[in-house]
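Here's a quick look at the salt bridges and the main pocket of this one. Have the sequence and the model open as you read.

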Amino acid sequence: MAKLHSQDTINGKEGKAYAKINGNNEELFFAKTIEATIEKSKSEIKSIGKRMTGHKTTGISGTGSMTIYYMTPLFRSLLKEYKDNGRDVYFNMMVENEDPASAAGKQVVNLFGVNLDSTILTKLDGDSDDPLDEEADFTFEDFDIATPFNKI
C-alpha cells in the first residue's frame, strides 16, 4: 500500500524558472510565484434516451500567471516593443521543481509560445511596507514535460 511521506512533498521555494526571449536566456529570479494551467475545451453530447449529458474533449488551452517583484523592466519592455513596432513577442519558459529533500526528484516543464496578457506599467503604494510586486498573466501555445517527477 502506498504511503505519503511528509519529506517527499515539494517545497515551492526549491526550483528555478527561465525565459528565452529574443534568443536570450533570462533567469526569472525576481518571480515569487509561477503557475501554468491546462484547461480542456469540451462539447456537450446529448442523445435520445439518455438523461445525462455527456462531454467530449475537443481541445486544450494553456494559461498562466506570475507574481513578480516590481523591479525589472523585462516584461514592460516587451509590451513597449509591441506598442512601438507592432511586433508581439512570444517566448519560451522553463520551470524546474527540484526539492533535494524529496524522493520525487526533479520536474522540468517547458512552456512554448508564451505571450503576455498584461503587466503593470507603473506602481506606487504609500500604504504598504512590503516590497512592490505585480501580476503578469499569460497564455502559452504548447508544453512539454521534459523531466517528470519520480513515481514514488
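A salt bridge here is a side-chain nitrogen of Lys or Arg within 4 Å of a carboxyl oxygen of Asp or Glu. The model is predicted, so local features need pLDDT of at least 70 and side-chain atom pairs 80 or more, while totals for chains, interfaces and linings use all residues. Residues are numbered from 1 along each chain as its sequence is written, and side-chain values use heavy atoms, leaving out hydrogens and water.

By that rule there are 8 salt bridges, among them these:

| Pair | Closest N and O atoms |
|---|---|
| K80 and D84 | 2.4 Å |
| E96 and K106 | 3.9 Å |
| K123 and D133 | 3.7 Å |

K80 and D84 sit 4 residues apart in helix α1 (residues 74–85), which puts about one helical turn between them. Helices (H or I, at least four residues) and strands (E, at least two) are DSSP runs, numbered from the N terminus.

How buried or exposed is E96? With a relative accessible area of 15%, E96 is buried, whereas K106 is partly exposed at 30%. Buried means under 20%, exposed over 50% and partly exposed in between, with a 1.4 Å probe and protein chains only.

E96 also turns up at the largest pocket, as one of the residues nearest its centre, along with K16, I34, V95 and N97. A pocket is an open set of points on a 1 Å grid over the protein atoms alone, where a 1.4 Å probe fits, with protein on both sides within 12 Å along at least five of seven lines; lining residues have an atom within 4 Å of a point. In total 26 residues line the largest pocket, and β3 gives the largest share, 8 residues.
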